[in-house]
Amino acid sequence: MISRSIRIRGIVQGVGFRPFVYRAAMETGVTGSVANGPSGVYVQVHGEGPAIDAFIRRLDSPPPMARVDEIMIETISSPVRFPDTFTISESFDHGGRTTIPPDTAVCSQCLQEMADPNDRRYRYPFIACTDCGPRFTITTGLPYDREHTTMVDFPLCAECRIDYEDPGGRRYHAQPTACPQCGPQITGGLERLREAASELTSGRIVAIKGVGGYHLACNARDVDAVATLRRRKARGPKPFAVMARDVSIAHSIVDIDDLETSTLQSPGAPIVVGTARDEQLHRSVAPGNGSIGVMLPYAPIHHLLFEFGAPEVLVMTSGNLSDEPICIDPVEAELRLSGLADSFVHHDRRIHLPCDDSVIRFIEHVPQPIRRSRGSAPTSLPLPLPGSHCVAVGGELKATACVSDGEYAWVSQHIGDTSSLETLGVLESTITTLVDIQRITPRSIISDLHPGYLSAQWASRFARERDIDHFGVQHHHAHMASLLVEHEVDPVTPVLAIALDGTGYGLDGTIWGGEILVGGYREAVRYAHLTPILLPGGDAATKHPDRIAASYLLASDMTWEDDIPSIGSLGQNQSLLRSMLTKGTSCIPTSSAGRLFDAASSLLDVCHEVQYEGQAAIELEAIALGSEPVVLPEPAIIDAGGGWQLDSSPLIQGLIEALRAGQPIAGIAHGFHQALAAGLTRCAVLVREQTGVATAGLTGGVFANRVLTSYLQGNLVQEGFGVLTHRVVPPNDGGLALGQVAVAAGGGALRWRSG
Ligand code: ZN
Ligand code: ZN
Ligand code: FE
């Protein structure tokens with residue numbers, strides 16, 4: 001008898017992989033166990049040599065939804081007593097490290113049972129099995145068994161108990177398993193769901209409790225209903241995601257290729273952002289945006305809703321007031337959403353942690369996460385350098401939390417804008433849960449350097465209460481480190497990071513956001529940045545691209561003429577603004593690339609005032625897509641002594657000239673992206689000459705921009721750079737917490753003064 005330890009990496013969780021391994025073991029006569037782990041499926045097998053060989057060969061033909069990237073086999077010493085069975089473990093426990101799987105869309109076998117009138121789970125809205133259903137959102141602690149999930153409210157009936165204890169069955173140790181006799185119910189039963197479907201058809205807005213919280217739903221093709229929802233949510237033109245009844249309807253809404261379609265249908269069931277195809281729907285749900293985010297029904301309740309006749313495309317937006325967390329509890333939902341929804345669909349399966357839908361957008365056929373949440377949280381990544389037990393809270397917007405045992409890092413679901421106290425509460429409960437699940441005893445807590453962030457203040461309190469260290473990490477250094485972690489860059493290999501985003505507190509107290517940093521986890525040196533302009537009135541100016549455009553015009557030695565759209569938009573504010581900018585009163589310098597996009601967007605009369613974060617840049621990109629670029633002058637590169645500066649004056653001047661020459665707006669918008677990418681590339685080449693570092697990393701929220709990313713990536717590759725882009729965590733502030741953990745592990749974090 002010999003023993004082997006096998007680790008299988010790839011898409012192996014939530015795809016029926018463990019039952020597949022179990023069957024392989026039964027057929028080849030080996031014993032042992034199989035479990036999900038932090039980076040794959042872990043198997044221990046015991047048996048005679050030929051049987052183990054046969055077992056390993058069987059692993060080469062995995063179930064249809066799985067993808068095996070790597071099989072690592074190790075010989076291990078045999079146990080004192082060989083097990084006489086083969087077992088499936090729900091989660092892997094190894095030296096105190098256990099991972100809870102993400103929530104997974106209902107599987108095809110469960111859907112079949114749900115559609116079968118003779119099945120005891122016929123039309124049961126909470127059907128689940130070992131391969132599907134909620135996990136992360138219902139887990140309250142460890143060990144991961146039914147007692148430590150919110151399913152504790154529903155003791156298994158005799159029949160469900162038999163399923164649960166049958167290792168050959170599809171529900172062996174499936175914690176969320178239940179049936180109509182013993183499990184959760186919709187308040188008002190299926191009749192209520194039928195009613196909701198017809199309410200949606202007649203234009204009402206319905207709040208529907210799902211897997212990670214409530215959605216606000218309405219008929220996406222009903223222009224009035226969508227406008228009403230927009231008004232009630234005080235959302236301005238911010239895009240809504242939609243849920244399409246099936247994949248063919250999804251294809252009629254957005255242009256997506258095979259890869260994007262398979263992501264849409266994957267067990268994680270994210271929102272996939274694709275180029276809009278349906279013009280009328282597009283104008284209503286995502287005005288000014290070239291794309292629509294679409295998802296497929298993922299909870300059984302969604303499938304039933306469509307079966308009962310709900311409109312084939314629904315707006316499905318997070319059930320919250322702007323900036324607040326998504327509602328998860330019926331009482332709280334009735335209270336907070338009563339002004340938004342006409343009616344409610346509640347159920348009694350408790351949600352322990354809120355979890356918004358994940359969002360993915362493909363750039364050059366590579367999936368880029370915009371929001372990593374339901375279906376992928378918690379995300380576990382190995383740290384490429386050893387650290388210690390710690391917790392990180394991210395920045396302010398799009399926050400996630402991250403906990404680490406020094407060897408692995410676990411990134412939480414999307415938490416949101418932690419400038420609201422409600423969201424800060426979710427940050428706290430998320431950290432409490434993750435620390436418990438991953439058995440972390442934090443020795444330090446890490447936040448952004450921005451002293452005004454509530455999350456940084458919360459971290460400081462956390463540190464005082466526990467008498468542990470509180471560290472701060474510079475915003476763009478954290479962005480950079482998050483990219484290095486996901487590419488498993490080792491701690492001695494430097495990378496040239498191009499960090500472009502909206503707002504990040506700089507080491508000099510100004511606002512950074514257009515930086516070229518060279519270094520690694522421990523240290524990053526600022527070799528180049530955009531020439532700072534003045535932000536009139538500080539952060540408040542980010543709501544007014546016309547004011548930023550005016551500042552850029554001054555910085556570019558251009559006079560404020562009324563034929564320039566931004567100046568026309570300023571109207572009576574002109575003289576006050578001029579005196580602020582010339583005297584520098586209440587102005588903060590910024591090198592933010594986000595602000596440069598705001599300026600261009602306003603100068604081209606695309607957007608003068610933003611109603612949601614990133615609007616001006618998103619609308620500029622949407623206009624640029626699909627147009628012929630007008631060639632504009634590149635930004636100038638200035639040797640500023642302490643580093644290079646990318647001065648956008650020539651670009652701004654050229655843009656105004658093109659505008660005055662009557663060139664098409666779309667083409668100028670396109671040319672702006674192209675010229676900026678060219679300037680950044682030249683700057684990167686200069687920094688490479690200085691440092692010898694030829695691996696470039698693209699990070700920061702601006703890299704959600706497909707046009708800029710494509711140009712810059714293409715240029716850099718042409719110049720001989722290796723290019724790293726985000727595939728695991730988002731380039732935006734959703735990745736900060738992971739980066740903060742890595743910088744702290746590298747010893748590059750700054751100790752906060754206590755008090
Ligand atoms: Zn299932
Ligand atoms: Zn039951
Ligand atoms: Fe950022």
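**Exercise 1. Decide whether F462 is buried or exposed, and describe its pairing with W458.**

Solution. F462 has a relative accessibility of 8% and therefore counts as buried, where buried means under 20% relative accessible area, exposed over 50% and partly exposed in between, computed with a 1.4 Å probe on protein chains only. This is a predicted model in which local features need pLDDT of at least 70 and side-chain atom pairs count only at pLDDT 80 or more, while totals for chains, interfaces and linings use all residues. Residues are numbered from 1 along each chain as its sequence is written, and side-chain values use heavy atoms, with hydrogens and water left out.

Next, W458 is also buried, because its relative accessible area is 6%. Both residues lie in helix α13 (residues 454-466), and because they are four residues apart there, about one helical turn separates them; helices (H or I, at least four residues) and strands (E, at least two) are DSSP runs, numbered from the N terminus.

Finally, W458 and F462 form a tilted aromatic pair, 5.3 Å centre to centre with 35° between the planes. Rings of Phe, Tyr and Trp (its six-membered ring) pair if their centres lie within 6.5 Å, and planes under 30 degrees apart count as stacked, over 60 as edge-to-face and the rest as tilted.

**Exercise 2. Work out which parts of the chain the pair F55 and F86 links.**

Solution. A search of the whole structure finds seven aromatic pairs. In one of these, the ring centres of F55 and F86 are 6.3 Å apart and the planes stand at 50°, so the pair is tilted. F55 belongs to helix α2 (residues 49-58) and F86 to strand β5 (residues 86-89), 31 residues apart, so that the pair links distant parts of the chain. Both F55 and F86 are buried, and ring pairs join them with Y22 in a cluster.

**Exercise 3. Establish what surrounds the charged side chain of K209.**

Solution. K209 lies in strand β6, and although K209 is buried, it has no salt bridge, the nearest side chain of opposite charge being D329 at 6.2 Å. A salt bridge requires a side-chain nitrogen of Lys or Arg within 4 Å of a carboxyl oxygen of Asp or Glu; Lys and Arg count as positive and Asp and Glu as negative, whereas His and the chain ends are not counted. The side chain of K209 does, however, reach the backbone oxygen of H347 at 3.0 Å.

Methods: Chains lettered and ligands numbered in written order. Polar contact = N/O pair within 3.5 Å; in protein donor to acceptor, adjacent residues only side chain to side chain.
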